[in-house]
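Trainee: I would like to work through this structure by asking about one feature at a time. Please give the reasoning before the result.

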Amino acid sequence: MHGAARSSQKSPEKARAASLSSRAMPHALVTVVSLRPLDELGQEAARPARGERVRGRGVAHEQAVGRRSVLEVLDLSIAILRDHFALMVGLGMLAWLPLLALQPFIGSHVWERSVGSGAMFGPTLSGLINTGASVLAECFGAALIAQIAHAALLGQDVALGRVMRSVLVRLHVVAGVALVTVVLTVAGTCACYVPGLLFAWKLSAGPMACVLEGQGLRKSISRSWTLTRGGFWRWLLLTWTVAAIVGPFRGITAAADWPGARAQALAWTGLSGTTFDLVYVLVSSLLLGVTIALQAAMLTVYYADCRVRREGADLELQRAHLRTAEVTS
């Protein structure tokens, strides 16, 4: 009983002390966590692997619901090119290298001293070969790079061998879409320029629909016509901006093959014709590889953005991720 009396006497004292402490420290319930630098703990922050960083960023971009502005499309295109620079530019160089290797033999400088019928037949034949081979190189390189860029956009891994096989199998369809686009654009440009601009805009997503969706010629053109409904000024600003970025690269490549420029370069550098041709092929393929890589990345992001605006592709992807998460959980 004495113990119970002592405990009953102490309980008011404890209550009074608790009330005083709560008045003196009104925030006493806040938890304070002290952090120590990692170097004191003897370990460094774990950095994710390069592939993991790229994959995580791609999923974050694709899962973001909403449309991308012009600046966001450009920023994402450049980010994809930066993260996969060696692979995308290497594929672009691979596409252009066979054509550029022919330039020492069929370039415009070869016919500068021709006379008679050769002065007209030679340049015409070279122009036809260069035009056809350029379209084929653009189609092949853009088809390869588009699959790499789209996989990066989705945060997926891509087997390069499978990509090469799929592009080679459908190369004739991709070339057909590109040929229709070039013919209609050139014909429209000759008709007061404006129809050519409209055809270039409405058919801009055709190659991506063919490569990424596996559509045929007619379906790819109709898909592009549907996906690009509205947003002409957005496409025009994207196209002009990318053209301004890659314009110097194309200009250097084209100027190096001019007869006068080539002769002057040989005089300034003192290189032999064979050495100059070798340097020209390597440097030109690198510059054109960068050009086609950026253009293909921009068109891929633009195509994905068109699908988001017209079909809600980002919402479909989010539902797929949610279903996958439910199954795994």
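Mentor: We can begin with Arg 234, keeping in mind that the model is predicted. Arg 234 has a relative accessibility of 12%. Buried means under 20%, so Arg 234 counts as buried.

Trainee: Which residue forms a salt bridge with Arg 234?

Mentor: The closest N and O atoms of the pair are 2.6 Å apart, and a salt bridge requires a distance within 4 Å. Arg 234 lies in helix H11 and its partner in helix H13, so the pair ties together parts that are 71 residues apart in sequence. The partner of Arg 234 is Asp 305.

Trainee: Is Asp 305 buried or exposed?

Mentor: The cut-off for buried is under 20% relative accessible area. Asp 305 has a relative accessible area of 0%, so Asp 305 is buried.

Trainee: With which residue in helix H13 does Asp 305 form a salt bridge?

Mentor: The two residues are four apart in helix H13, and therefore about one helical turn separates them. Their closest N and O atoms are 2.7 Å apart. The residue is Arg 309.

Trainee: Which residues do salt bridges that share partners join into one network?

Mentor: One of the links is between Glu 213 and Arg 223, with the closest N and O atoms 2.7 Å apart. Glu 213 is in helix H9 and Arg 223 in helix H10. The network consists of Glu 213, Arg 223, Arg 307 and Glu 311.

Trainee: How many salt bridges does a search of the whole structure find?

Mentor: The pair of Arg 234 and Asp 305 is a salt bridge, and so is the pair of Asp 305 and Arg 309. For the whole structure, the search gives seven.

Trainee: How are H3 and H13 placed to each other?

Mentor: Two packed helices are described by the angle and the distance between their axes. The axes of H3 and H13 come within 9 Å and cross at roughly 130°. Angles over 145 degrees count as roughly antiparallel, and 65 to 115 as roughly perpendicular. The angle fits neither range, so H3 and H13 are oblique to each other.

Trainee: What is the phi of Cys 192?

Mentor: Most residues other than glycine have a negative phi. Cys 192 lies in the loop between helix H7 and helix H8. Although Cys 192 is not a glycine, its phi is positive, at about 70°.

Conventions. Residues numbered from 1 in each chain as written. Predicted model: local features only at pLDDT ≥ 70, side-chain atom pairs only at ≥ 80, totals over all residues. Heavy atoms only, no water. Axes fitted to C-alpha atoms, helices over the stretch in contact; angles between N-to-C directions. Parallel < 35°, antiparallel > 145°, perpendicular 65-115°, else oblique. Salt bridge = Lys/Arg side-chain N within 4 Å of Asp/Glu carboxyl O. Buried < 20%, exposed > 50% of the residue type's maximum accessible area, 1.4 Å probe, protein only.
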